[in-house]
Amino acid sequence: MSVRFAKDTKEAVRGVVEDAVSGEKIPGTSGKHPIAAAVGTALTGGKEMAGTKGYLAAYIKQIEDHPLRTKMLTAGTLAGTQELIASFLAKDRNKHGNYFTSRVPKMAAYGALVSAPLGHFLIWLLQLTFRGRTSLKAKIMQIVVSNLIIAPIQNSVYLVAMALIAGARTYHQVRATVKVGFWKVMRVSWITSPICLAFAQKFLPDQLWVPFFNVVSFIIGTYINTVTKKKRLAALRKKHFGDNRGSSMGRPDEYPGPIGGPNPPY
């Protein structure tokens, strides 16, 4: 984003907020909810742009100008944030009592360096295959291909990466993680993917598909990650301490050697 564009956006947002606080009606809005209108206008430009460009427009511009870089930054930020939020909600701390565990930067690296480039390529390939085909049959086929080909590839790579991040160092541990988690992850994909893809087909330009799917994955993943962390922490503490005496301690290693063995994926 250019310095001039950023400056113009900030000035536009400042003007919108000042109008809202002063009680003046923002162009393109009803004027009944000035603060909400100011926030909405700052993000999207408001109805018919309301005289401003908005942060969403700035993001779309970055997607158009630098698609892969923007997707990598988006996916990395969301993946790291998801892990940090899930750790906080599940009370999953390291040995120093911090929620910012070593998994946070690892998840951010996975999102930026693995998930985003893979999703960028696979979604590009999917869109290229069905480009110009707008019939209902073509849209249904696009959803079917996404669920039967794209999703298994992405989920397999995800599970392998999660096993490695969790501490798996042998082929047996990685394979066990993928075997245990694959169909669980696929069931979630088969429930959410058709809805999300149908929404993207109807309302979103091609450039925003990957970021949209990242946001959906962030919401679902944070919930699943939190629940799974709580279950795994309870199981690991019971295994290592025999009861819940370790509830205030940081979690033990996820693959602690001979007594650990492979664990289900996060």
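A residue counts as buried here when its relative accessible area is under 20%.

**Figure 1. The whole chain is an all-helical predicted model.** By the cut-off just given, buried residues make up 39% of the 266 residues in the protein chain. Eight helices and zero strands were assigned, so the order of elements from the N terminus on reads α-α-α-α-α-α-α-α. Among contacts between residues at least 6 apart in sequence, 60% join residues at least 24 apart.

**Figure 2. Confidence differs from element to element along the chain.** The average pLDDT of the protein chain is 78, and 70% of the residues score at least 70. Helix H5 has the highest mean pLDDT of the elements, at 94, while helix H1 (residues 3–22) has the lowest, at 50. Please look at two further stretches with some care. Over residues 245–249 the pLDDT is below 50, and the model gives this stretch seven contacts beyond near neighbours in sequence. The pLDDT also stays under 50 over residues 255–266, where the model has 38 contacts beyond four places in sequence.

**Figure 3. Three spans carry a UniProt annotation as "transmembrane region".** The record, an unreviewed entry, places these spans at residues 108–128, 140–165 and 209–228. In the model, residues 140–165 are 100% helix and 0% strand, with their end C-alpha atoms 36 Å apart. Residues 209–228 are likewise 100% helix and 0% strand, and here the end C-alpha atoms lie 28 Å apart.

**Figure 4. Ile-123 of helix H5 touches Trp-209, Val-210 and Phe-213.** Helix H5 covers residues 103–129 and includes Ile-123. The relative accessible area of Ile-123 is 7%, which is why this residue counts as buried. The three contacts named in the title leave out residues up to four places away in sequence. For one of these partners, Trp-209, the separation along the chain is 86 residues, yet the C-alpha atoms of Ile-123 and Trp-209 are 7.9 Å apart in space. Ile-123 falls within the annotated span 108–128, and Trp-209, Val-210 and Phe-213 fall within the annotated span 209–228.

**Figure 5. Ser-146 is a buried residue of helix H6.** With a relative accessible area of 8%, Ser-146 falls under the cut-off and is therefore buried. Setting aside residues up to four places away in sequence, Ser-146 touches Leu-126, Ala-151, Pro-152, Ser-193 and Leu-197. Ser-146 also falls within the span 140–165 that the UniProt record annotates as "transmembrane region".

**Figure 6. Ile-63 of helix H3 has a relative accessible area of 0%.** Helix H3 runs over residues 54–65 and holds Ile-63. Its relative accessible area of 0% is why Ile-63 counts as buried. Beyond neighbours within four places in sequence, Ile-63 is in contact with Thr-70, Lys-71, Gln-207, Leu-208 and Pro-211. Of these partners, Leu-208 is 145 residues away along the chain, with 7.6 Å between its C-alpha atom and that of Ile-63.

**Figure 7. The largest pocket holds about 1400 Å³ of space.** Its lining is made by 48 residues, of which Asn-155, Tyr-158, Val-185, Ser-189 and Ser-217 are the closest to the centre. Helices H4 (67–90), H5, H6 (136–166), H7 (171–203) and H8 (209–241) each give two or more residues to the lining. Helix H8 contributes the largest share, 15 residues. By class, the lining has 29 nonpolar, 16 polar and three charged residues.

**Figure 8. Lys-91 lies in the loop between H4 and H5.** Phi of Lys-91 is near 60°, a positive value in a residue other than glycine. How exposed is Lys-91? Its relative accessible area is 42%, so Lys-91 is partly exposed.

Notes. Residues numbered from 1 in each chain as written. Predicted model: local features only at pLDDT ≥ 70, side-chain atom pairs only at ≥ 80, totals over all residues. Heavy atoms only, no water. UniProt positions renumbered as here; feature names shortened; annotations may be inferred. Helix = DSSP H or I, 4+ residues; strand = E, 2+ residues; numbered from the N terminus. Buried < 20%, exposed > 50% of the residue type's maximum accessible area, 1.4 Å probe, protein only. Contact = heavy atoms within 4.5 Å. 1 Å grid on protein atoms, 1.4 Å probe; cavity = no way out; pocket = protein on both sides within 12 Å on 5 of 7 lines; lining within 4 Å. Points joined across faces, edges and corners; volume = space filled by probe spheres on them. Nonpolar A, V, L, I, M, F, W, Y, C, P; charged D, E, K, R; others polar. pLDDT = per-residue confidence, 0-100.
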